[in-house]
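The following paragraphs lead the reader through one protein model, from a local detail to the overall arrangement. Please keep the sequence and the structure in view while reading.

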Amino acid sequence: MNERPDGTADYVSIDGPTALFLAIKGRCGLCAEPIVDVAAFLGGPGAAEAGAYSDPPMHEGCAEAALKLCPHMARQHARRATGSRVPEGSAVPEGFSEAKPEEWVMVLAAGYGTGLMPAEGGGTVPIFLPGSYEGVRRFVYEDGVLIEKTDS
Ligand SMILES: [Zn+2]
């Protein structure tokens, strides 16, 4: 998330260059502190299967907080800002869907790589490539509220 000048958090977009810089430095994309344990990645089942993320690695605790606090993730019917409300400079890699997945998958990986992909509408955006999966946590919506699946 980005900090707006007024201090409120901007959950809509992740600043690509900053996220890439933090990731290369081994730091969390949310709190910018070093990631010393596993790196957590948040996305839909497709991202977990492909092993490629448009959002940067973060601490497991920060990923949990993002699931709870980010209005895009926490409430099923919340809509991500589109069109003119999307801050300039935020872009989605080509082929990455903005649609909210039915299920959020948190991949816990031992290390990760970074890369660049062509962005929709030109330019490039960073992508983040988790290393070997140490664990996978799944979160689903029940009555419109996000809860962790514990039966697997
Ligand atoms: Zn963190």
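Which residue with a positive phi follows helix 1? The residue is Gly26, and its phi lies near 75°. Before turning to the helix itself, the reader should note that this is a predicted model, and that confidence varies along the chain: strand 2 (residues 9-10) has the lowest mean pLDDT, 49, whereas strand 3 (residues 39-43) has the highest, 95. Across the chain the average pLDDT is 79, and 68% of the residues reach at least 70. Over residues 81-89 the pLDDT remains under 50; for this stretch the model shows seven contacts beyond four places in sequence.

The chain comprises four helices and six strands. Read from the N terminus, their order is β-β-α-β-α-α-α-β-β-β. Of its 152 residues, 28% count as buried. Contacts often span long stretches of sequence: among those between residues at least 6 apart, 61% join residues at least 24 apart.

Helix 1 offers a first view of how burial is arranged. Its residues Gly16, Ala19, Leu20, Leu22 and Ala23 are buried. Seen down the helix axis, these buried residues fall within an arc of 165°, and they therefore line one face of helix 1. Pro17 and Ile24, on the other side of helix 1, are exposed. The buried residues of helix 1 pack against strand 4 and strand 5.

Helix 3 may be examined in the same manner. In this helix, which covers residues 60-69, the buried residues are Cys62, Ala63 and Ala66. They lie on the same side of helix 3 because the arc they cover around the axis is only 100°.

These elements can now be placed in a wider setting. In soluble globular proteins, nonpolar side chains tend to be buried together. The largest nonpolar core of this model contains 28 residues, and Ala39, Ala40, Phe41, Leu42 and Ala63 have the most contacts inside it. At least two residues of this core come from each of helix 1, strand 3, helix 2 (45-50), helix 3, strand 4 (103-118) and strand 5 (124-142). Strand 4 contributes the most, with five residues.

Which residues does Ala40 touch, leaving aside those up to four places away in sequence? Ala40 is in contact with Pro57, Met58, His59, Glu60, Ala63, Met106 and Leu108. One of these partners, Ala63, is also among the buried residues of helix 3.

Note on methods. Residues numbered from 1 in each chain as written. Predicted model: local features only at pLDDT ≥ 70, side-chain atom pairs only at ≥ 80, totals over all residues. Buried ≥ 20, exposed ≤ 12 C-beta atoms within 10 Å, placed from the backbone. Arc of directions from axis to C-beta. pLDDT = per-residue confidence, 0-100. Contact = placed C-beta atoms within 7 Å. Core = buried A, V, L, I, M, F, W, Y, C linked by C-beta atoms within 7 Å.
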